[in-house]
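User: I should like a close look at a single part of this protein, namely its nonpolar interior. Please describe how that part is built and then follow it outward to the neighbouring features.

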Amino acid sequence: MKKDLGTKPFIMPMPVLIIGTYNEDGSADAMNAAWGTLCDMNSVALYLSEGHKTVANIRARKAFTVAIADEANMIPADYVGLVSAHTENKKIEKSGFTVAKSNRVDAPVIEELPLTLECELDYIDEKSGCVYGKILNAIADEKVLDESGNVDLNKLNPISYDPASRSYFTMGKKVGKAFGAGAVLK
C-alpha cells in the first residue's frame with residue numbers, strides 16, 4: 001500500500017555539487033548545492049537563493065565551476081555549505097580545499113575534487129532564481145578515468161544528498177546496462 005507524503009523534494013539521488021566562484025577581491029569561494037542538474041548535453045541548472053555570495057559572484061564574473069563532491073571530501077564539501085562567504089572570508093582556507101584558476105572561465109577549480117565542469121553564465125531566471133550555465137569543458141583527475149578515458153563512477157565515488165534524512169550517501173553498485181536491460185521485453 002502506498003502512503004501520501006505531501007509535497008516533498010523526493011527526486012533521489014541528488015548530486016552534491018560544489019560551486020566555485022571568485023569574490024570581488026579575487027579570493028576564491030565555494031558553496032555546496034544539492035539543487036542542481038543537467039538541462040541538456042552542455043548546460044547546467046542550479047537553483048540557488050539570491051542571498052548567496054555565490055550568486056553575486058556569478059552575476060559579476062559571468063562564470064563558475066561545478067565540481068562533483070566525493071566521499072573522500074565529504075567533510076570539506078559539507079563545510080562550504082554550512083558557512084557563508086558573507087561572514088567567513090577564509091572559507092576556502094578553513095575547508096582545506098586548494099584552488100587553481102580555471103583555464104577556460106573566470107572561476108576557481110578545487111584541486112581535491114576529481115571532476116569539475118567549467119561553466120559560463122547563460123542567464124539567471126529572476127522568477128525561480130535558477131542559474132543556467134553553459135558547460136565549456138569538463139576536467140577530471142586521471143585517477144577517476146577508466147581505460148577508455150571515460151569517468152568511472154566507482155572510481156569517482158560521488159556522494160548524493162538525501163533530503164528525507166538530510167544525509168549523504170555514496171552510490172551503489174552497477175545493476176544493469178542502460179538502453180539494453182529492457183531489451184528482454186521487446
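Analyst: A nonpolar core is here a set of buried Ala, Val, Leu, Ile, Met, Phe, Trp, Tyr and Cys residues joined through side-chain atoms within 4.5 Å. Buried, in turn, means under 20% relative accessible area. The model under discussion is predicted.

The largest nonpolar core holds 21 residues, and those touching the most other members are Ile19, Leu46, Leu48, Phe64, Val66 and Val131. Two or more residues of this core come from each of strand 2 (17-22), strand 3 (28-33), strand 5 (43-47), helix 1 (53-61), strand 6 (63-68), strand 9 (115-124) and strand 10 (130-140). With five residues, strand 9 gives the most.

Val131 may serve as a point of entry. Apart from neighbours within four places in sequence, Val131 is in contact with Val44, Ala45, Leu46, Leu48, Ile58, Phe64, Leu121, Tyr123 and Ile124. Beside this core there is a second, separate one, which has 17 residues, among them Ile18, Ala67, Ala77 and Tyr161.

Tyr123, one of the contacts of Val131, also belongs to an aromatic pair. The whole structure contains two aromatic pairs. In one of them, Tyr123 and Tyr132 are stacked, with 4.6 Å from centre to centre and 20 degrees between the planes. The pair counts as stacked because planes under 30 degrees apart are classed in that way. The two rings belong to residues of unlike burial: Tyr132 has a relative accessible area of 18% and is therefore buried, whereas Tyr123 is partly exposed because its relative accessibility is 41%.

Strand 10 also contains Asn137. The side chain of Asn137 makes a polar contact of 2.8 Å with the side chain of Glu118. Neighbours within four places in sequence aside, Asn137 is in contact with Arg104, Thr116, Leu117 and Glu118.

A further feature is an open sheet of three strands, in the order 1-11-12 and with antiparallel pairing. Its edge strands, strand 1 (14-15) and strand 12 (167-170), each pair on one side only. Strand 11 (residues 159-162) runs antiparallel to strand 12 and is joined to that strand by four bridges. Within this pairing, Asp162 stands opposite Ser167 of strand 12. Tyr161, named above as part of the second core, lies within the residue range of strand 11.

Notes: Residues are numbered from 1 along each chain as its sequence is written. This is a predicted model: local features need pLDDT of at least 70, side-chain atom pairs count only at pLDDT 80 or more; totals for chains, interfaces and linings use all residues. Side-chain values use heavy atoms; hydrogens and water are left out. Two strands pair if DSSP finds at least two bridges between them. Buried means under 20% relative accessible area, exposed over 50%, partly exposed in between (1.4 Å probe, protein chains only). Contact means heavy atoms within 4.5 Å. A polar contact is a pair of N or O atoms within 3.5 Å; within protein, one must be able to donate a hydrogen and the other to accept it, and residues adjacent in sequence count only if both atoms are side-chain atoms. Rings of Phe, Tyr and Trp (its six-membered ring) pair if their centres lie within 6.5 Å; planes under 30 degrees apart count as stacked, over 60 as edge-to-face and the rest as tilted.
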